[in-house]
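Please follow this explanation with the sequence and the coordinates open side by side.

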Amino acid sequence: MTAGATTTRATWRNWSGGLCFTPDTVARPESVAAVSRTLRAAAARGMTVRPVGAGHSSAPLVRTDDVLIRVDGLPTGVLAPPVDGQVWVGAGTRLHELEEILRRHGLTVPNLGDVDTQAIAGAVGTATHGSGLGLPSLSAQVTGVRLVGADGAVRQIDAANDPHLLRAVQVSLGALGVFTAVRTRVVPAFHARRREWGLPVEECLATFDELLKVNRNVDFYWYPRRDDAHLRTVNPVADDPGPSPPPPSGCSEDRTGSSGAALIKRRSLRFHEMEYYVAAEAGPSCFQEVRDRIRARHRQHAAWRVLYRYVAADDAYLSPAYRRDSVTISVHQNETVPYREFFADIEPIFLAYGGRPHWAKIHQLQGSELRARYPQADRFLAARDQLDPDGRFLNDYLRRLLGL
């Protein structure tokens with residue numbers, strides 16, 4: 001079916017182990033031409049195709065009984081010299097690899113999330129984000145994509161040739177085609193200092209807005225069993241204002257390195273996660289309700305932290321931060337511990353605050369609820385009809401999610 005490794009009836013598992021299925025074929029094409037051949041062959045057999053990057057998503061976006069296309073066999077890294085603060089990157093490039101490669105060019109990405117194991121195609125396709133005032137998701141930094149459509153045709157989409165489609169593909173859920181390359185904005189590389197220290201939860205909430213104004217990156221996470229919080233800041237070394245407010249007993253972490261290294265937290269444990277975006281001004285109230293619910297009903301088994309971050313608005317059609325500066329609240333659970341009832345009890349709080357889910361995380365939003373929360377959902381669906389009229393990239397989960 002394709003040049004590159006191809007296996008039949010091989011079981012595939014995602015990063016956390018929570019998603020497991022056995023597609024008819026797992027293809028790992030090594031060229032754009034091979035992707036085209038794979039898609040044409042799938043169309044001839046009437047088979048569904050789902051692309052996958054690093055498999056870090058908790059949601060069943062990539063599940064299929066038919067053809068799973070791994071993009072990590074395609075050329076990775078920087079595909080051409082940077083131009084005008086933008087660079088073409090292979091779709092399967094892991095974020096940690098990208099940061100290392102860009103540093104050799106004296107560049108870096110504007111922001112990263114809490115981990116950097118994702119492939120860039122999956123990260124932008126699901127609106128992966130970091131935290132900081134004026135810093136949008138990785139998807140908002142995308143200025144162009146190269147993809148292979150359901151018919152095997154190769155096309156480039158950017159603001160010059162189709163700004164409407166660009167806003168659709170910036171957060172595509174893998175429903176518009178197989179990404180082979182992404183053009184993203186980059187900034188000059190910088191060294192950064194990361195600090196972390198303990199604070200009462202109430203103080204984190206009370207000072208968060210002010211901390212956003214004086215730190216490039218700031219977030220905090222709350223430990224339910226101890227009912228305490230840790231605040232984190234990351235700043236360019238030359239601009240670091242120091243901890244504010246000063247930690248009462250010193251920093252639990254204080255290190256300096258490249259911006260990418262400073263933003264990332266290395267973890268060996270794996271977890272399930274639910275995350276919602278709410279309007280920034282509603283963040284403190286929503287978090288407090290989540291905190292109260294966990295303390296009242298789930299404290300004995302809530303083994304993981306709750307993470308609080310800030311994401312700037314953008315205009316991608318399916319971005320959870322669509323035209324709304326947002327606070328994101330993430331609820332985690334260890335991979336070995338039951339999580340569904342726990343998450344199901346917390347999710348109505350997010351929905352009551354007009355929350356929009358992180359697409360790579362576990363949630364129950366679908367159909368009419370989706371359209372009510374995403375003002376441009378119909379424009380995304382029109383783009384999907386244009387690029388994939390036969391639904392080649394739709395699995396059962398996406399059909400429910402998109403109300404199809």
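The paragraphs below go from the nonpolar cores to the helix packing and then to individual loop residues.

The model is predicted. Its largest nonpolar core has 93 residues. Within this core, the residues with the most contacts are Phe 179, Phe 220, Phe 287, Phe 350 and Phe 380. Helix H5, residues 201–214, supplies the largest share of the core, 6 residues. A second core, separate from this one, has 13 residues, including Val 35, Val 71, Leu 74 and Phe 393. As a general background, nonpolar side chains in soluble globular proteins tend to be buried together.

Phe 287 is a useful place to look into the larger core. Not counting residues up to four places away in sequence, Phe 287 touches Val 201, Leu 205, Phe 220, Trp 222, Val 306, Tyr 308 and Ile 329. Phe 220, one of these partners, is itself among the residues with the most contacts inside the core. Val 201 and Leu 205 belong to H5, and they reappear in the contact of that helix with H7.

The packing of H5 and H7 comes next. The axes of these two helices come within 11 Å and cross at roughly 165 degrees. An angle over 145 degrees counts as roughly antiparallel, so H5 is roughly antiparallel to H7. H5 passes H7 in a right-handed crossing. On the H5 side the contact involves Val 201, Glu 202 and Leu 205, and on the H7 side Pro 284, Phe 287, Gln 288 and Arg 291. By residue class, this contact divides into 4 nonpolar, 1 polar and 2 charged.

H7, residues 283–297, also packs with H8, residues 340–352: their axes come within 10 Å and cross at roughly 150 degrees. With that angle, H7 and H8 are therefore roughly antiparallel to each other. H7 passes H8 in a right-handed crossing. H7 contributes Cys 286, Glu 289, Val 290, Arg 293, Ile 294 and Arg 297 to the contact, while H8 contributes Phe 342, Asp 345, Ile 346, Ile 349 and Phe 350. These residues divide into 7 nonpolar, no polar and 4 charged. Phe 350 of H8 is also one of the residues with the most contacts inside the largest core.

The loops remain. Ala 303 lies in the loop between H7 and strand S18, residues 306–311. Its relative accessibility is 41%, so Ala 303 counts as partly exposed. Leaving aside neighbours within four places in sequence, Ala 303 is in contact with Arg 225 and Gln 333. Ala 303 and Asn 111 are 192 residues apart in sequence, and their C-alpha atoms are 28 Å apart in space.

Gln 141 sits in the loop between helix H3, residues 120–125, and strand S9, residues 142–148. Gln 141 is buried, with a relative accessible area of 11%. With neighbours within four places in sequence left aside, its contacts are Pro 110, Pro 136, Arg 183, Thr 184 and Arg 185.

Two loop residues have a positive phi without being glycine. One is Leu 173, with phi of about 60 degrees, in the loop between helix H4 (163–169) and strand S11 (178–185). The other is Arg 323, with phi near 50 degrees, in the loop between S18 and strand S19 (326–334). Which of the terms buried or exposed applies to Leu 173? At 4% relative accessibility, Leu 173 counts as buried. Arg 323, at 59% relative accessibility, counts as exposed.

Conventions
Residues numbered from 1 in each chain as written. Predicted model: local features only at pLDDT ≥ 70, side-chain atom pairs only at ≥ 80, totals over all residues. Heavy atoms only, no water. Core = buried A, V, L, I, M, F, W, Y, C linked by side-chain atoms within 4.5 Å. Buried < 20%, exposed > 50% of the residue type's maximum accessible area, 1.4 Å probe, protein only. Helix = DSSP H or I, 4+ residues; strand = E, 2+ residues; numbered from the N terminus. Contact = heavy atoms within 4.5 Å. Axes fitted to C-alpha atoms, helices over the stretch in contact; angles between N-to-C directions. Parallel < 35°, antiparallel > 145°, perpendicular 65-115°, else oblique. Left-handed = near helix turned anticlockwise from the far one by under 90°. Nonpolar A, V, L, I, M, F, W, Y, C, P; charged D, E, K, R; others polar.
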